[in-house]
Amino acid sequence: MAPIPRLRDYTGPALLSYGFRPFFLFGSLYAGLAILAWLPLFYGELALSTAFAPRDWHIHEMLYGYLPAVITGFLLTAVPNWTGRMPLQGRPLLVLVLAWAAGRVAVTASAWIGWEAAALIDNAFLLLVAAAMGREIIKGRNWRNLKVLIALGVLLAGNVLFHVEAHVLGAADYGIRFGIAATMMLIMLIGGRIIPSFTRNWLARENPGRLPAPFGRFDMVTMGAAGAALLAWIAAPGWSITGTMLIAAGVLQVARLARWAGERTWRDRLVFILHVAYAFVPLGFVLSGLAAFGLVSAAAGVHAWSGGAMGIMTLAVMSRASLGHTGRALIASAAMQGLYLLLVAGALARVCAALHPVWSDALLHVAGLAWAGAFVGFALVYWNVFTRPRVTA
């Protein structure tokens with residue numbers, strides 16, 4: 001994302017001056033604190049007044065609570081660059097933040113207010129975001145980026161399905177896989193653009209030699225195979241055909257990642273962590289494929305995607321974009337590098353907890369505390385970045 005070209009005269013809190021500031025800050029805080037609540041909830045030591053089963057509350061708040069916050073922060077900062085229009089600031093931005101927060105409260109208190117009211121309040125946020133983005137894109141005549149509305153519509157549909165399934169059937173199923181698959185496609189699409197681009201820029205300047213392969217036919221083939229495999233996984237995760245498709249897609253994603261020269265970016269941790277995050281994409285495909293054959297637990301692949309690809313990628317993008325859009329140097333501090341390492345260790349621990357049931361309890365605690373530490377730590381390390389004005393030269 002390039003720097004925002006122009007701003008309105010704004011004298012309010014710096015936190016509400018750019019869309020990424022409140023959503024990255026509160027989203028990361030919520031991601032960490034929600035997991036701290038999930039651990040005692042999972043072990044029956046805590047009860048919430050939610051109509052969701054404990055597992056569904058945990059999955060929903062990560063998939064349809066935390067992730068939409070990060071996506072919204074990204075879009076509110078990117079769309080003004082695409083359209084040349086002013087970014088959302090001040091009270092309109094505050095309305096969106098409060099709508100997101102209301103959704104988190106409504107879902108957690110849905111046993112009190114009723115599942116219908118909770119679903120309406122929760123989904124109102126994505127509707128408001130879609131309306132705001134649609135207005136900016138249309139007024140800016142930036143027609144090619146109307147596809148953003150498709151992505152938001154998919155998330156909205158998945159969230160509605162999740163609520164309905166949880167109420168009618170007692171547990172969500174398709175809504176979970178739908179949301180995971182949609183998010184993975186976004187990671188493969190956006191990651192396939194920004195990772196080679198950032199890598200190429202750094203290598204050309206700091207480490208001449210082999211450069212990432214440009215986006216081409218091979219990338220389209222890998223995306224097509226991955227999309228077909230994910231559709232099969234949504235419909236029938238336990239079929240052998242689905243397993244074969246998932247493993248094949250995973251192998252193709254390994255080849256795709258290898259073409260980006262990530263091993264040459266070790267000295268720039270802001271770039272290297274993007275490659276590490278993407279490595280969990282093929283891992284999730286392969287493990288989910290093996291699960292279709294009954295060889296491993298389905299939770300292993302799901303958490304490689306969610307705790308690994310989604311968690312690490314969002315932290316990597318938030319940490320990089322926040323520095324760039326506040327005028328700071330694109331350098332990962334020692335503290336931030338420690339948080340990257342903590343989250344990677346937590347993601348691996350969660351995958352291993354699914355693969356090794358005997359060690360499950362200990363590894364679940366390691367994974368949960370590592371995740372919470374990484375995201376709460378990020379909010380604290382970046383507190384001044386989010387709450388203070390942009391640095392000027």
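1. Let's start with helix 12, bearing in mind that this is a predicted model. A good part of helix 12 is buried: Met336, Leu339, Tyr340, Leu343, Val344, Gly346, Ala347, Ala349, Val351, Ala353 and Ala354. What do those residues sit against? The buried residues of helix 12 pack against helix 10 (269-292), helix 11 (298-324) and helix 13 (360-381).

2. The length of helix 12 checks out too. Helix 12 runs over residues 334-355, which makes 22 residues, and at 1.5 Å a residue it should span 32 Å. Its end C-alpha atoms are 32 Å apart, so the expected span and the model agree.

3. Ala353 deserves its own point. Ala353 belongs to helix 12 and has a relative accessible area of 5%, which is under 20% and so counts as buried. Setting aside neighbours within four places in sequence, Ala353 is in contact with Ser360, Leu363 and Leu364. Have a look at His303 as well: Ala353 and His303 are 50 residues apart in sequence, yet 9.8 Å apart in space, C-alpha to C-alpha.

4. On to the nonpolar cores. The largest nonpolar core has 109 residues, and those with the most contacts inside it are Phe23, Met184, Met188, Tyr278 and Phe285. Helix 2 (54-83) gives the most to this core, with 15 residues. Apart from this core lies another, of five residues, including Ala353, Leu363, Leu364 and Ala367. Two of the names there, Leu363 and Leu364, also turn up among the contacts of Ala353.

5. Which residues does Tyr278 touch, not counting residues up to four places away in sequence? The list is Ile187, Met188, Ile195, Gln253, Arg256, Leu257, Trp260 and Met313. One of these, Met188, is itself among the residues with the most contacts inside the largest core.

6. Ala261 is one to click on. Most residues other than glycine have a negative phi. Phi of Ala261, though, is near 55 degrees, a positive value. Ala261 is found in the loop between helix 9 (240-258) and helix 10. Is Ala261 buried or exposed? Its relative accessible area is 0%, so Ala261 is buried.

7. Now the largest pocket, with a volume of about 1,600 Å³. It is lined by 49 residues, and the closest to its centre are Phe74, Leu186, Leu189, Ile190 and Gly191. The elements that give two or more residues to this lining are helix 2, helix 6 (147-168), helix 7 (174-206), helix 8 (217-235) and helix 11. Helix 7 gives the most, with 15 residues. By class, the lining has 36 nonpolar, nine polar and four charged residues.

8. The second largest pocket has a volume of about 980 Å³. Of the 43 residues that line it, His58, Ile59, Val302, His303 and Ser306 are the closest to its centre. So the His303 of point 3 shows up again, because it is one of the residues closest to the centre here. Two or more lining residues come from each of helix 1 (20-42), helix 2, helix 7, helix 10, helix 11, helix 12 and helix 13. Which helix gives the most to this lining? That would be helix 11, with eight residues. The lining divides into 28 nonpolar, eleven polar and four charged residues.

9. There are enclosed spaces as well: the structure holds three cavities of 30 Å³ or more. About 60 Å³ of space lies in the largest cavity. Its lining is made of Leu76, Val79, Pro80, Met86, Pro87, Leu88, Ala132, Met133 and Glu136. Helix 2 and helix 5 (115-139) each supply at least two of those residues. By class there are eight nonpolar residues, no polar ones and one charged.

10. Last stop, Ser110, which is found in helix 4 (residues 110-113). Ser110 is buried, with a relative accessible area of 5%. Not counting residues up to four places away in sequence, Ser110 touches Ser49, Thr50, Ala51, Phe52, Trp115 and Ala118.

How values were computed:
Residues are numbered from 1 along each chain as its sequence is written. This is a predicted model: local features need pLDDT of at least 70, side-chain atom pairs count only at pLDDT 80 or more; totals for chains, interfaces and linings use all residues. Side-chain values use heavy atoms; hydrogens and water are left out. On a 1 Å grid over the protein atoms alone, a cavity is a set of points where a 1.4 Å probe fits but cannot get out, and a pocket is an open set with protein on both sides within 12 Å along at least five of seven lines; lining residues have an atom within 4 Å of a point. Grid points are joined across faces, edges and corners, and a volume is the space filled by probe spheres set on the points. Helices (H or I, at least four residues) and strands (E, at least two) are DSSP runs, numbered from the N terminus. Ala, Val, Leu, Ile, Met, Phe, Trp, Tyr, Cys and Pro count as nonpolar, Asp, Glu, Lys and Arg as charged, and the others, Gly among them, as polar. The expected span of a helix is 1.5 Å times one less than its number of residues. Buried means under 20% relative accessible area, exposed over 50%, partly exposed in between (1.4 Å probe, protein chains only). Contact means heavy atoms within 4.5 Å. A nonpolar core is a set of buried Ala, Val, Leu, Ile, Met, Phe, Trp, Tyr and Cys residues joined through side-chain atoms within 4.5 Å.
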